[in-house]
Amino acid sequence: MRDIAVVGFAQTPCVRETDGTTNGVEMLVPIFHEVLGSLGLTKSDIGFWCSGSSDYLAGRAFSFVSAVDAIGAFPPIMESHVEMDAAWALYEAWVKLLCGEVDTALVYGFGKSSAGQLRRVMAMQLDPYVVTPLWPDSVGLAGIQARMGIEAGLWDAEAMASVAARSRAAAVSNPLAQLSGSVEVADLLATPYVADPLRRHDCAPITDGAATIVLAAGDRARELCERPAWITGFEHRTDSPSFGARDLLTSPSTVAAGKAAGAEGVEVAELHAPFSHQEILLRQALGLGDDVVVNPSGGVLAGNPMFAAGLARIGEAARRVHDGSASKVLGHATSGPLLQQNLVCVMEGRE
Amino acid sequence: MTKPLSAPLDVGFDYTRSLGPTLGRFLTDLRRRKVTGIRGSDGRVHVPPLEYDPVTAERLTEFVDVASTGVVRGWSWIPEPLEGQPLDRPFAWALIQLDGADTSLLHAVDAGSPDRMSTGARVRVRWRADRVGAITDIECFELSDEPADEPVPADEVTMVTTPVHLHYTHSASPTEDPFLRGLMEGRLIAQRCPACSKVYFPPRPACPTDGVPTTEQIELSDRGTVTTFCVVNVPFLGQRIPPPYVSAYVLLDGADIPFLHLLLGVAPEDVRMGMRVEAVWKPREEWGPTMQNIDHFRPSGEPDAPFDSYSQHL
C-alpha cells in the first residue's frame with residue numbers, strides 16, 4: 001500500500017455568527033489560500049478535491065456546488081462531496097490516493113450553523129418515519145444519554161463540567177477557538193439547565209466555520225512537509241440508527257473503529273464530542289489512559305463548525321506530528337445521533 | 001463595512017413516503033390504538049419495529065403485540081419546547097420500554113415538572129383523537145399505572161406525510177450586497193475578477209475560474225444582447241404569463257456572463273440570437289433589492305449584434 005500523509009491543515013476562526021453566505025465561499029477562499037500557500041502549491045497541483053457539508057444546514061439546494069466557486073474550478077477539476085462531516089470526505093480522498101489515481105488531495109468542510117435553528121435542523125438526520133415527525137432536538141436527545149450515564153455511575157455533573165472547564169482552559173492556546181478561558185467547575189454547576197441534566201457548558205456552541213486538509217502520497221508528502229503525519233490506520237464504523245435499540249452507554253462503532261485503526265499507544269487524541277459526557281464515553285471506548293493528552297485544541301466544546309469539526313480534529317492531531325511534539329496521534333469524528341457513526345484516523349511521525 | 005443585506009427564508013415541504021409492510025403495519029396499528037413490535041434475530045422485540053435486524057441484517061417478519069403502557073428508561077427535560085415538538089408546554093423526552101418490548105421508543109412525556117419524572121416511572125400512551133397513521137397518533141405519554149384506551153377499528157395506511165418547515169436567515173455575500181443595493185436605485189452593479197478581468201453580473205462571491213474574490217465594482221447599462229433563448233409553450237403552476245412567450249439569456253453590454261430574463265414586445269417567431277434588447281423597468285415605487293425591478297426586456301431596435309461578439313458567452 002502507498003504511504004499517505006496529512007501535510008497541511010488550515011481552519012477559520014470558530015465564531016457564533018458570520019456575515020457570509022451559507023455556501024461557504026467567503027470562509028473557504030482564505031483557508032485555501034493559507035493551506036496551499038504554506039505548502040508552496042497552487043490549485044493546479046491538487047489532484048482531487050473532496051468536501052463535506054449539508055444542504056439542510058445551508059438552507060439551500062446544492063450549496064456544495066456553489067462552494068466550488070472558492071476553488072476556481074477551471075480547467076475542470078476532479079471533485080466529490082459527502083453530505084457528512086468532511087472527515088468522511090477525507091476518507092474518500094485517502095481511498096483515492098491509495099488507488100494511485102492521484103498524488104495529492106485537498107479536503108474541506110464548511111458550515112454556517114447560525115443561519116438556521118441548529119437544534120431543529122439536526123432532527124433531519126433521524127428516522128423520517130417514526131422519529132423526525134416528533135422533532136427531537138439534538139440537545140434533548142443527548143440529555144437522555146447523559147442522564148443514563150449519570151444513573152449508571154459512569155459520570156456525574158461534576159465530571160461533565162470538568163470536561164468543559166478543561167476544554168476552555170486548553171482553548172486559551174488556540175487563537176481560533178470560540179470559547180476559552182479559566183472557569184471554575186463550581187461556577188459551571190451553578191448555572192441553569194438547558195435540557196436537564198445538560199447545562200450550557202455541556203453542549204458544543206453553535207459555530208460558523210470551515211476547515212481544510214491537504215493529503216499527499218509517498219515522496220510527494222516528503223517534499224511538501226518536513227514531518228508528514230503518516231496515516232497508519234483509518235477506519236469508520238456505524239451503529240444502528242434505531243437508538244432505542246442501542247446500548248447508549250458505550251459506542252460499539254467507536255470501539256471497533258479504534259481497534260481496527262490501531263489506536264493503542266497514541267500520545268494525543270482529538271475527540272469529536274459535541275457533549276461533555278460524550279468525551280468521557282469516547283475516551284473509554286478508545287481505551288485512552290490518563291497519560292493521553294485529549295483535545296489540546298479545546299475540542300468542539302470550544303468551537304463546533306458543523307461538517308468541518310471532525311475534519312478539524314484530524315487536522316489538529318496531525319499538527320502535533322508536524323510540529324514534532326508527538327509521534328503518534330489520533331483524530332476522531334462522529335456523525336448521526338448520539339455517536340451513531342464514528343471514524344478514527346491514526347497518524348504517526350517518522351524520523 | 002455595513003452588514004450585508006439579509007432576509008428570512010422559510011423552507012417547507014410535505015415529505016410523502018410509502019410505508020412498506022413493516023412500518024405500514026406499525027402505523028396502521030397506531031391508528032387502531034395498538035402498538036406492534038417485531039422480533040429480531042436475537043429474540044428481542046423491537047419497538048418501533050425494524051425492517052431488518054440491526055446486527056444480522058436478516059429480514060424481520062414476526063410481529064409481536066406489545067402494551068400501550070411501559071417504563072421510562074432515560075429522559076431529559078425540555079423547558080422551552082421547539083416548533084413541531086409533541087407538546088407546547090415543558091415536557092420530558094424519554095426512551096420508553098413498552099411492556100412486552102425489549103427496546104425503547106422515543107416520545108414525549110407530559111409530566112408537568114421535572115420533579116415528577118424519574119427513570120423507572122410507569123407511563124401510558126395518550127392517544128390522539130384524530131389518528132391518521134403516524135407516530136404522532138401517540139399524542140404523548142403520561143405518568144400512570146393505569147392501562148391506556150382500548151384498541152378501535154381503523155382503515156389500513158400505506159403512506160405517511162411529514163411536513164417539514166425550517167427557518168433560515170440568508171445573507172447576501174459581500175459582492176452580492178452592492179448588486180442588491182444598486183438594484184434598489186435602478187443601477188446594475190457588476191464585479192470584475194482581478195485575475196482574469198471577466199465581469200460577472202450578477203456578481204459571485206469568488207470568480208469561478210480563478211477562485212479569488214472579485215473586488216472591482218462596475219456599473220453596466222441596461223442594454224444587451226440575446227445570446228440564446230427558448231419559447232415556453234408548456235403551462236405550469238404559478239405561471240404569470242400565458243404561453244407562448246420567450247425566456248432569453250441576456251448579455252448586458254460589458255458583462256461576461258448572461259442571465260435569464262423575460263423577453264416581451266416581440267412575437268416569439270421573430271426572436272433571434274444576437275437580437276439587441278433593453279430593460280423595461282417597473283415603476284420606481286415598486287423597486288426592491290431584486291432583479292424583478294426589471295419587468296422584462298424588449299427589442300431596442302438596434303441592428304443585431306454580430307455572432308463573434310457573444311460567441312464566447314454561450
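This tour goes through a predicted model, starting at the interface of chain A and chain B and moving on to selected residues and salt bridges.

**The interface of chain A and chain B**

Begin by selecting the residues of each chain that touch the other chain: 53 residues of chain A are in contact with 63 residues of chain B. Together the two chains bury about 4500 Å² between them, and carbon and sulfur atoms give 61% of that area. On the chain A side, highlight A:Asp69, A:Tyr129 and A:Leu134, which supply 16% of the area that chain A buries against chain B, more than any other three residues.

For polar interactions, the count between the two chains is 21 residue pairs in polar contact, with both residues of a pair at pLDDT 80 or more. Colouring by secondary structure helps here, since the side of chain A that touches chain B draws at least two residues from each of α1 (25–39), α2 (55–58), α5 (118–121), α6 (138–151) and β5 (193–195) of chain A. Of these elements, α6(A) gives the largest share, with seven residues. If you then colour the chain A side by residue class, you should find 29 nonpolar, twelve polar and twelve charged residues.

**Salt bridges between the chains**

Across this interface the rule finds three salt bridges, and two of them can be visited in turn. Select B:Lys3 and A:Asp19, whose side chains meet in a salt bridge with an N to O distance of 2.9 Å.

Next, select A:Arg120 and B:Glu83, where the corresponding N to O distance is 3.8 Å. A:Arg120 lies in helix α5 of chain A, whereas B:Glu83 lies in the loop between β5 (69–78) and β6 (91–98) of chain B, so the pair joins two chains. Which of the two partners is buried, and which is partly exposed? A:Arg120 counts as buried, because its relative accessibility is 3%, while B:Glu83, with a relative accessible area of 40%, is partly exposed.

**Salt bridges within a chain**

Over all chains, a search of the whole structure finds 36 salt bridges. In chain A, select A:Arg237 and A:Glu235, which form a salt bridge whose closest N and O atoms are 3.0 Å apart. A:Arg237 is partly exposed at 31% relative accessibility, and A:Glu235 is also partly exposed, with a relative accessible area of 22%.

Now move to chain B and select B:Arg122 and B:Asp99, whose side chains meet in a salt bridge at 2.6 Å, N to O. B:Arg122 belongs to strand β8 (residues 122–127) and B:Asp99 to the loop between β6 and β7 (105–109), so the pair ties together parts of chain B that are 23 residues apart in sequence. The relative accessibility is 32% for B:Arg122, which counts as partly exposed, and 28% for B:Asp99, which counts as partly exposed too.

Staying in chain B, show the side chains of B:Asp88, B:Arg89, B:Asp110, B:Arg124, B:Arg126 and B:Glu142, which are linked in a network of salt bridges.

**The annotated spans of chain B**

An unreviewed UniProt entry lists residues 64–128 and 218–282 of chain B under "domain: ChsH2 C-terminal OB-fold". Select residues 64–128 of chain B, a span that is 0% helix and 49% strand and whose end C-alpha atoms lie 22 Å apart. Then select residues 218–282 of chain B, where the end C-alpha atoms lie 23 Å apart and the span is 0% helix and 49% strand.

**Two residues of chain B to finish**

Where is B:Thr103 found? B:Thr103 is in the loop between β6 and β7 of chain B, and it is buried, with a relative accessible area of 2%. Leaving aside residues up to four places away in sequence, B:Thr103 touches residues of both chains, among them A:Gly244, A:Ala245, B:Arg44 and B:Ile96. A polar atom of the B:Thr103 side chain lies 3.0 Å from the backbone nitrogen of B:Val47.

Finally, select B:Asp295, which is found in strand β18 (residues 294–299) of chain B and counts as partly exposed at 35% relative accessibility. Its side chain makes a polar contact, at 2.6 Å, with the side chain of B:His296. Beyond the residues up to four places away in sequence, B:Asp295 touches B:His261, B:Leu262, B:Val280, B:Trp281 and B:Lys282. To set this site against another part of the chain, add B:Val109 to the selection: B:Asp295 and B:Val109 are 186 residues apart in sequence and 54 Å apart in space, C-alpha to C-alpha.

Note on methods
Residues numbered from 1 in each chain as written. Chains lettered and ligands numbered in written order. Predicted model: local features only at pLDDT ≥ 70, side-chain atom pairs only at ≥ 80, totals over all residues. Heavy atoms only, no water. Contact = heavy atoms within 4.5 Å. Buried area = accessible area lost by both parts, 1.4 Å probe. Salt bridge = Lys/Arg side-chain N within 4 Å of Asp/Glu carboxyl O. Polar contact = N/O pair within 3.5 Å; in protein donor to acceptor, adjacent residues only side chain to side chain. Helix = DSSP H or I, 4+ residues; strand = E, 2+ residues; numbered from the N terminus. Nonpolar A, V, L, I, M, F, W, Y, C, P; charged D, E, K, R; others polar. UniProt positions renumbered as here; feature names shortened; annotations may be inferred. Buried < 20%, exposed > 50% of the residue type's maximum accessible area, 1.4 Å probe, protein only.
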